[in-house]
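User: I am in my first year and would like to go through a structure by question and answer. Please show it first.

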Amino acid sequence: MIRIAIQSKGRLNEESLSLLQDIGIEVDAPKRKLLSKSQTFPIEALYLRDDDIPRVVSGGSATLGIVGLNEIEEKGADVTILCRLGFGTCRLSLAVPKGESCDGLGWFSGKRIATSYPNILRKYLDEKGIDAKIEVITGSVEIAPAVGIADAIFDIVSSGSTLIANGLREVETVFESEAVLIARRDLDAEEQALIDDLLFRIESETVSRGKKYLLMNLPQSSLDEAIRILPAMRSPTVMPLASPGWCSLHSVIDAADLWTKVRQLKAIGAEGILVMDVDKIIL
Ligand code: ATP
Ligand code: MG
């Protein structure tokens, strides 16, 4: 049995639980019970605040954890990063009130910067030789300049709309983050085997993300051209149709390329194009 630490509520909770569900692991959502044993895999979920996850995993009270890279870097936790998970994407940036004529890092010398990430910020400022005062604040960081707590902020940004709403301007990206799966160091053989199984499942899930399955009828004479348009995993599957001179072609493509490819395929005579979602890809 292994234990995985998951954020109990907040931005990573829902996607962490849906990742587990997609790989066949059902656990109860965190309502009253903060420890929930899965009926479908030898694992139990432990629901925590995200700040506590790196330490709980490095200390051995959980085998695995799902948390933002920003929290691991800030806490300096001694854990293994097993894989990136492709959600919870954000960055840690320096921002200043939009009226300030900040034209580079030098502006921050002697200034006060409010943040909940003092360790990442201190390391960055030291590397750049900037001597600024760090004001630690655990939330509502964006309001700090307007109320005189600081001259600038260092905080999480994703779309940037919160900064704009608070009259701030992003001037420097310092750290790029996303949710990652972490593990305790020094796993025993049984834990390692269970984790290898999980990683195999997660890989098939992440590989299939953003992919579409295409199926179409095509004149035999356009086949070479279609194969050039559709680089499939090995090569597209081609099957004969009952009508002479026609075949059926199947392939997997990136969803982002869908409309470009469909237009190219139509232009060489493809008909009856079916587009389907891909659930899993086992390589
Ligand atoms: P907790 O109560 O668990 O301590 P929290 O308020 O510290 O929650 P959330 O706001 O839920 O944290 O964010 C959790 C993580 O989600 C962040 O540490 C970061 O990795 C990621 N994240 C992605 N986008 C954003 C964003 N726009 N704002 C904040 N965090 C984001
Ligand atoms: Mg937190």
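User: How does D51 count by its relative accessibility?
Analyst: The model is predicted, so local features need pLDDT of at least 70 and side-chain atom pairs count only at pLDDT 80 or more, while totals for chains, interfaces and linings use all residues. Side-chain values use heavy atoms, without hydrogens and water, residues are numbered from 1 along each chain as its sequence is written, and chains are lettered from A and ligands numbered from 1 in the order in which they are written. Buried means under 20% relative accessible area, exposed over 50%, and partly exposed in between, with a 1.4 Å probe and protein chains only. The relative accessibility of D51 is 28%, so D51 counts as partly exposed.

User: Is D50 buried or exposed?
Analyst: The relative accessibility of D50 is 18%. That value makes D50 count as buried.

User: Which residues are the protein donors of the magnesium ion (ligand 2)?
Analyst: Donors are N, O and S atoms within 2.8 Å of the metal (3.2 Å for Na, K and Ca); water is not among the atoms, so sites may look incomplete. The protein donors here lie 2.0 to 2.1 Å from the ion, each through OD, and they are D50 and D51.

User: Why is one side of β2 and of β5 left without a neighbour in the sheet?
Analyst: Strands (E, at least two residues) and helices (H or I, at least four) are DSSP runs numbered from the N terminus, and two strands pair if DSSP finds at least two bridges between them. Six strands form an open sheet with mixed pairing, in the order β2-β3-β1-β4-β11-β5. One side of β2 (35–37) and of β5 (80–84) has no neighbour because these strands stand at the edges, each with a single partner strand.

User: Which strands does helix α1 touch?
Analyst: Contact means heavy atoms within 4.5 Å. Axes are lines fitted to C-alpha atoms, for helices over the stretch in contact, and angles run from 0 to 180 degrees between N-to-C directions. Helix α1 (residues 13–22) packs on the sheet, and its direction makes about 145 degrees with that of β1. The strands touched by α1 are β1 (2–7), β3 (43–48) and β4.

User: Which residue of β11 is the bridge partner of G68?
Analyst: Strands β4 (residues 64–68) and β11 (residues 179–183) run antiparallel and are joined by five bridges. In β11, the partner of G68 is A179.

User: Which are the edge strands of the sheet β8-β7-β9-β6-β10?
Analyst: This open sheet has five strands and mixed pairing. Its edge strands pair on one side only, and they are β8 (133–136) and β10 (168–177).

User: Which residue in β10 stands opposite R91?
Analyst: Eight bridges join β6 (residues 90–97) to β10, and the two run antiparallel. Opposite R91 in β10 stands E176.

User: What arc do the buried residues of helix α8 cover?
Analyst: In α8 (residues 258–267), the buried residues are L258, K261, V262 and L265. The arc is that of the directions from the helix axis to the C-beta atoms. These residues are on the same side of α8, because they cover an arc of only 100 degrees.

User: Which exposed residues does the other face of α8 carry?
Analyst: The buried residues of α8 pack against β12 (211–219), α7 (223–229), β14 (246–254) and β15 (271–277). The face turned away from that buried side carries W259, R263 and A267.
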